[in-house]
Amino acid sequence: MGAIRTSATALLTAGAAGTVLALGAACAVAAEAQPITSFGFAVSPSTVAPGGAVVLSLTGCTAAYATVSSGIFDTVSVPKGKTVRVTVDRDARRGARYSVNFTCNNETGSTDLTIAGGTTAPTARSTAAARGVRGGLGGSVAGMDVGELAAGAGLFLVAAAGTGYAIRRRADSRGH
C-alpha cells in the first residue's frame, strides 16, 4: 500500500508543479500582449484576395486624423468619424496574415488581415514583407485571461489535495 501512496503523492506533486509552470508561462505571455486601446478599429472584410479592397474604420478616436499602415498597402490618413477604402497590393502572398496598425493620438493598436487562398499559416517570407508583423497572440484583443488561468490552477490544486486526502484516509481506514 505504501507504493500506491508514494505513486499518488508523486503524481499529485508532478501535477501541481505542471500547473505552476503553466500558470507562469501564461502570465509571461499575457505580459507581452498588446494593451487594449482607448479607441476601436476594424478592417472589413478581414480576409481579402490580392488586389482586393478593404475598408478601414476607427471609433472613439479623438484626433482629427488617424493613420493606418501595413506592409500590403500604402499608409493612409483616416479623418475623424470617416472610413477609408484601400486596395491591397496584388503581390500580397496568398494565405498569409499581415498586421494592420492603427495609430490615434500616439496610441497604436493592430489587427490581422488575411490574404485569401493558399495555406492558412503565415510564412517567413510573408511576415518579412509585412515589416514588423507581431507574433504571439496574432493581434487578438481578448487573449489569455490571467485571472481565469489562476482560478483554473487553484481548482486543480484543490482537486489534487482532495485526492491526496481521500487516498490517505482510505489507507488509514484499512489499518495499514
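Me: Two strands pair if DSSP finds at least two bridges between them. With that in hand, which residue in strand 8 is the bridge partner of Thr 47?

Reply: Happy to start there: this is a predicted model, where local features need pLDDT (the predictor's confidence in each residue, from 0 to 100) of at least 70, side-chain atom pairs count only at pLDDT 80 or more, and totals for chains, interfaces and linings use all residues. Numbering starts from 1 along each chain as its sequence is written, and side-chain values use heavy atoms, without hydrogens and water. Strands (E, at least two residues) and helices (H or I, at least four) are DSSP runs numbered from the N terminus. Strand 2 and strand 8 (residues 107–115) pair in the parallel sense over two bridges, and Thr 47 has as its partner in strand 8 Thr 114.

Me: Which strands are the edges of the five-stranded sheet?

Reply: This open sheet has mixed pairing and the order 2-8-7-4-5. Pairing on one side only marks its edges, strand 2 (47–48) and strand 5 (73–79).

Me: And in the three-stranded sheet, which residue of strand 6 is the bridge partner of Val 54?

Reply: That open sheet is antiparallel, in the order 1-3-6, with strand 1 (40–44) and strand 6 (83–87) at its edges. Strand 3 (residues 53–59) is joined to strand 6 by five bridges. Within strand 6, the partner of Val 54 is Val 86.

Me: How many residues apart in sequence are the parts that the disulfide ties together?

Reply: Counting cysteine sulfur atoms within 2.5 Å as a disulfide, there is one: Cys 61 with Cys 104, at a sulfur distance of 2.0 Å. Both cysteines are buried (under 20% relative accessible area, with a 1.4 Å probe and protein chains only), and the link is right-handed, with 100° about the S-S bond. Cys 61 sits in the loop between strand 3 and strand 4 (65–70) and Cys 104 in strand 7 (residues 97–104), so the separation in sequence is 43 residues.

Me: How far apart are the end C-alpha atoms of helix 3?

Reply: Helix 3 (residues 146–173) has 28 residues, with Ala 153, Ala 160 and Ala 171 buried. Its expected span is 1.5 Å times one less than the number of residues, which means 40 Å; the model agrees, with the ends apart by 40 Å.

Me: How many contacts does the stretch 19–34 have beyond near neighbours in sequence?

Reply: The chain averages a pLDDT of 75, and 63% of residues score at least 70. Over residues 19–34, though, pLDDT is below 50, and where pLDDT is low, the predicted coordinates should not be read in detail. With contact meaning heavy atoms within 4.5 Å, the number for this stretch in the model is 13.

Methods:
Buried means under 20% relative accessible area, exposed over 50%, partly exposed in between (1.4 Å probe, protein chains only).
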